[in-house]
Amino acid sequence: MKQYVVARPLYSEDAFADEHEKIHRHHKTLRLTKNGVCVNCSCDLKRAKNAALSLLPFIGWMRIYQLKEWLLSDIVSGVSTGLVAVLQGLAYSLLASLPPWYGLFTAFFPVIIYFFLGTSRHISVGAFPVLSLMVGAVVTRLVPDEGPPVNITGFEGLTSDEQRVMVAASVTFLMGIMQLAMGLLQVGFIVMYLSDTLVSGFTTAAAVHILVSQLKFVLGLVVPGLSGPLSIVYKIFVQIEKTNVCDLVTSILIMGVVFIVKEINDRYKAKLPVPIPIEVIMTVIACGVSYAFNFQVIYKVDVVGRIPLGYESPMAPNMQIFGQTAVEAFPMAIVGFAVAFSVAKVYSVKHDYIIDGNQELIAFGASNIIGAAFKSFAASTALSRSAVQESTGGKTQIAGLLSALIVMVVTLAIGFLLEPLPKSVLGAVVIVNLKGMLMQIREVPHLWRRDRPDCVVWVVTCLASILLGLDLGLAVGLGIELLTVVFRLVRFWTKFSLDLYDGQGTGKQYAPFTIKPMCNSDSYFHVCNCQFGFNLTLMCFQVGFNPLRVLRKRNKALRTIRKLLKKGELQMTSKGLLLTSSGPIEESEDESNMEELDQPTDFKDLPVQVNWNSELPANIQVPRVDVHSLILDFSAVSFLDISALKGLKAALKELIRVEVEVYIVACDEYILEKLHSCKFFDDEVKSSMFFLTLHDAMLHILEKHPVNSENTKVCEKV
């Protein structure tokens, strides 16, 4: 059997600190020289270069761009992604309740800005169905299909579509301001509060909303308003007899073909040089068939209609709309960033480069601000479009730039060719692309078996987002997730395990020692869980007794012994204390001063020190304490607040006062410093109880209490 031997002195924390000098790490602060110059704020060429690379990440990868190896791949990827971006831009603009061509603006302006400011080389920026739906909810709330719009200055003289474009652009501008502000304030860490479980439940609910919202295009019905999926389903089934059969057949055909070819792409992606762009192919075919057979006139099919060539003049956001949409803009900013960052992180790990969350916030914030000025709506990244850009060989955002050029060509020159395209085709394409999000429901059984609190977060977030709307649903999901975090922190978990020092384990030299079941505490002890972690009354199962109860029983027994000695009914003999009276002796029940019962036992006026584990005179009963030492393993504890310190000190004193030696091992240096600064130590609780490792503490205990009895016990709490 392989062995290792370490020979070193036995160290307590105090002994180790005395023998080894502590090295202090000096952190940079704002320091002024005699001339008033800030040392750590000075600027030189190196710092200016690093700042430029940080603000404009494209400089970094452009310097290492391999022209011969990467350019062709980026061109192929850019063309493929651009064709998909055109189609998805048209489709997702319907989700935003806007005319289709505004989706082309979203596929162009944000992509250009992200090229310069973004840190991911593979995501495709543009319309994202969940964000588009959230924008659509705001748009239809302020400018409903039926009835007058909300009274907002600036709506005068505008058509309904122009009013909706103003609302969408303004809420996107506000969303961009929020993202930019969070990036400049370096708060990109907030995305960690959106767990994968919460995002999965939220996007699944969003997929249900999107699916329902597209049914009216698939069936060729006019369904006013977007007041919720249940109401839309009701309105659809009320007029189901008005279904346009041509739209329905076209949609079913498109969905069937696209679904089958997408499955082929997934199954044979290793053999195919590039995925088959089936959405683009079917769109071209549908346009040709619709134009040839005049679907709009003969079959009353709703088509995309006029697509004006060129870009519209920029527009300033409406400040009054800011006040009306601030509540919706914030969750849009968070969701847009969270989804984009998650996708970017996957590709950065796959291709071995680093992304910066704060810079991503700045990039998306600037993209949405400038895009909104040119009448685009909220931009993030679509999973399917990013997958096309990466799988077709895209190496850098050169592919994204080329996809924007493809969109520009369509906008400036050939957009009129898409005018006969039925909207049912766009609805069918959107629905097929929801497969990935809808199939996330398969995670629920796995989550239930693996982590039930996470499963609750998923289910509650999904149901709340479906029934209450995406913005309120996200808020409810965040609330439930925070509650589960608090629950995990507050709850005191226990586990049972054996280790080297267990008498039943392999450490035969320690066989007389019995290791008690170990209790695994949280890494953070604070006001919420300190009563569970350090009130040993609640942990009597681990130590086998209640120390405070034992202490009070001992002090009551001492009262009784003193009373009997004073009356002469108890005398000191060579065999110890001997009862001289034959009458019944009652234990002292004097409760006049309960505080004295909680103080350490005092033998100073007694002729002998009482052995509490031996038989006491006068049938005085005191609970036995067979454990002489308790080890607290703090290797998993990284934080203590004031309430936890008070709880820990009270628990230690209770144990020490019943003659149980307590040792704390593997304590973090930060916690030790905090204990000293908070005046934690006194005559009872001493710093000498802290040891470097569990083994150091065990050797110290063996030295103090040699193994001579099978009743000797050490209790370890981890």
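Contact here means heavy atoms within 4.5 Å. By that criterion P314 touches A373 and F374, with residues up to four places away in sequence not counted. The structure is a predicted model.

**P314 and its surroundings**

P314 lies in the loop between α13 and α14. The residue counts as exposed, because its relative accessibility is 54% and the cut-off for exposed is over 50%. P314 also comes within reach of a distant part of the sequence: its C-alpha atom is separated by 7.0 Å from that of K375, although the two residues are 61 apart along the chain.

**The chain as a whole**

The chain has 718 residues, and 49% of them count as buried. Its secondary structure consists of 29 helices and 11 strands. Taking contacts between residues at least 6 apart in sequence, 80% join residues at least 24 apart. About 36000 Å² of the chain is exposed, and carbon and sulfur atoms supply 62% of this area.

**Packing of α11 and α12**

Two packed helices are described by the angle between their axes and the distance between the axes. Helix α11 covers residues 245–267 and helix α12 covers residues 278–292; they pack at an angle of about 155°, and their axes are 9 Å apart. Angles over 145 degrees count as roughly antiparallel, so α11 and α12 are roughly antiparallel to each other. Their crossing is right-handed.

On the α11 side, the contact involves I254, V257, V258, V261 and K262, which meet I278, E279 and M282 of α12. These contact residues divide into six nonpolar and two charged, with no polar ones.

**Residues with positive phi**

Most residues other than glycine have a negative phi. Q186 has a positive phi although it is not a glycine, and K300 likewise has a positive phi without being a glycine. The table sets out the values for each.

| Residue | Phi | Loop | Relative accessibility |
|---|---|---|---|
| Q186 | about 60° | between α8 (160–184) and α9 (196–219) | 48%, partly exposed |
| K300 | about 55° | between α13 (295–298) and α14 (319–351) | 64%, exposed |

Q186 falls in the partly exposed class because its relative accessible area is 48%, and exposed requires over 50%. K300, at 64%, counts as exposed. The loop that holds K300 runs between α13 and α14, and P314 is also placed in the loop between α13 and α14.

Methods: Residues are numbered from 1 along each chain as its sequence is written. This is a predicted model: local features need pLDDT of at least 70, side-chain atom pairs count only at pLDDT 80 or more; totals for chains, interfaces and linings use all residues. Side-chain values use heavy atoms; hydrogens and water are left out. Axes are lines fitted to C-alpha atoms, for helices over the stretch in contact, and angles run from 0 to 180 degrees between N-to-C directions. Helices (H or I, at least four residues) and strands (E, at least two) are DSSP runs, numbered from the N terminus. Angles under 35 degrees count as roughly parallel, over 145 as roughly antiparallel, 65 to 115 as roughly perpendicular and the rest as oblique. A crossing is left-handed if the near helix is turned anticlockwise from the far one by less than a right angle, and right-handed if clockwise. Ala, Val, Leu, Ile, Met, Phe, Trp, Tyr, Cys and Pro count as nonpolar, Asp, Glu, Lys and Arg as charged, and the others, Gly among them, as polar. Buried means under 20% relative accessible area, exposed over 50%, partly exposed in between (1.4 Å probe, protein chains only). Accessible areas come from the Shrake-Rupley method with a 1.4 Å probe; for residues, only the protein chains shown count as cover.
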